[in-house]
Amino acid sequence: MKSILIIGGSYGIGFEIAKQMSTTHQIYVASRTLGKLDELPNVKHLVFDAISGTLPTHELPESIDGLVYCPGSIVLKPFRGMKPEAFAQDFQLNFLGAVKVIQSVLPQLLNTEQASIVLFSSVATQLGMPFHTSIAASKGAIEGFSKAFAAEYAPKIRINVIAPSITETPLAEKLLNSEIKKEKSAERHPLKRFGQPQDIAEMAHFLLSEKSSWITGQVFKVDGGLSSVLKQSE
């Protein structure tokens, strides 16, 4: 049974990843709250704040086969109204938090045959979208970092990035809190719906598994076709 560490797995996409993998893997979830993790088998919860906390590595096994960093933010504001401090806060949570976690468990990741890391970007990183300057900047750092890290640690550690479009999670609640907003969001995507946690978790599950053992340094756009498909006019 392989050991998978999920940072921020109490809700949303992280919880769905834990749910999908807990029947066949030992899951360690490091997050601020327990959520419904106690309903899942083979899950150990570690109290951890990605911004200010120190990961309790002494409670983790000597070898970690997979790592997923889920914490993120969705700050959508006009650029002219954003202070540098807001950019720094997004950068701290989305990028530096991931760097801190990876560095803290690097010995455990190197202590297995081939570990896999999954990080998260955003559709807004490659597709220019208004009011997304801060999130696009911090997630862009994730993509650049991952390619360099993949080159440095191959073949011992694989690292890949998932770039979703809007997904129905607590983080996106304000963007999908009415039927009108949901309809407009679904309409923007060529596949005529917004994402569900299961959509993203399935890709993460694949990237953590041996089925993806020949894939590293890639960014996977799981976004309903938004970034690459031009909708046919009706």
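In this predicted model, helix α4 buries Ser134, Ile135, Ala136, Ser138, Lys139, Ala141, Ile142, Glu143, Ser146, Phe149 and Ala150. These buried residues pack against α2 (84-110), β5 (115-120), α3 (123-126), β6 (157-164) and β7 (219-222). The helix itself runs over residues 133-153 and has 21 residues. From its first C-alpha to its last, α4 reaches 30 Å, close to the 30 Å expected at 1.5 Å a residue.

**Aromatic pairs**

A search of the whole structure gives 5 aromatic pairs. Two of them are set out below.

| Pair | Centre to centre | Angle between planes | Type |
|---|---|---|---|
| Phe79 and Phe87 | 6.1 Å | 75 degrees | edge-to-face |
| Phe95 and Phe145 | 5.7 Å | 75 degrees | edge-to-face |

Phe79 is exposed, because its relative accessible area of 56% is over the 50% cut-off. Its partner, Phe87, has a relative accessible area of 23% and is partly exposed.

The rings of Phe95 and Phe145 count as edge-to-face because their planes are at 75 degrees, and the cut-off for this type is over 60. This pair links distant parts of the chain, with Phe95 in helix α2 and Phe145 in helix α4, 50 residues apart. Phe95 has a relative accessibility of 12%, and buried means under 20%, so Phe95 counts as buried. Phe145, at 21% relative accessibility, counts as partly exposed.

Ring pairs also join residues into a group: Phe91, Phe95, Phe145, Phe149 and Tyr153 are linked into a cluster. One member of this cluster, Phe149, is among the buried residues of α4.

**The largest pocket**

Empty space is found by rolling a probe the size of a water molecule over the atoms. The largest pocket in this model has a volume of about 1200 Å³. Its lining is made up of 46 residues, and those nearest the centre of the pocket are Gly72, Ser73, Ile74, Thr169 and Leu171.

Several elements give two or more residues to this lining: α1 (12-21), β2 (26-31), α3, α4 and α5 (179-188). The largest share comes from α5, with 4 residues. Helix α4 therefore appears here as well, as one of the elements that give two or more residues to the lining.

What classes of residue make up the lining of the largest pocket? There are 24 nonpolar, 16 polar and 6 charged residues.

Technical notes: Residues are numbered from 1 along each chain as its sequence is written. This is a predicted model: local features need pLDDT of at least 70, side-chain atom pairs count only at pLDDT 80 or more; totals for chains, interfaces and linings use all residues. Side-chain values use heavy atoms; hydrogens and water are left out. The expected span of a helix is 1.5 Å times one less than its number of residues. Buried means under 20% relative accessible area, exposed over 50%, partly exposed in between (1.4 Å probe, protein chains only). Contact means heavy atoms within 4.5 Å. Rings of Phe, Tyr and Trp (its six-membered ring) pair if their centres lie within 6.5 Å; planes under 30 degrees apart count as stacked, over 60 as edge-to-face and the rest as tilted. On a 1 Å grid over the protein atoms alone, a cavity is a set of points where a 1.4 Å probe fits but cannot get out, and a pocket is an open set with protein on both sides within 12 Å along at least five of seven lines; lining residues have an atom within 4 Å of a point. Grid points are joined across faces, edges and corners, and a volume is the space filled by probe spheres set on the points. Ala, Val, Leu, Ile, Met, Phe, Trp, Tyr, Cys and Pro count as nonpolar, Asp, Glu, Lys and Arg as charged, and the others, Gly among them, as polar.
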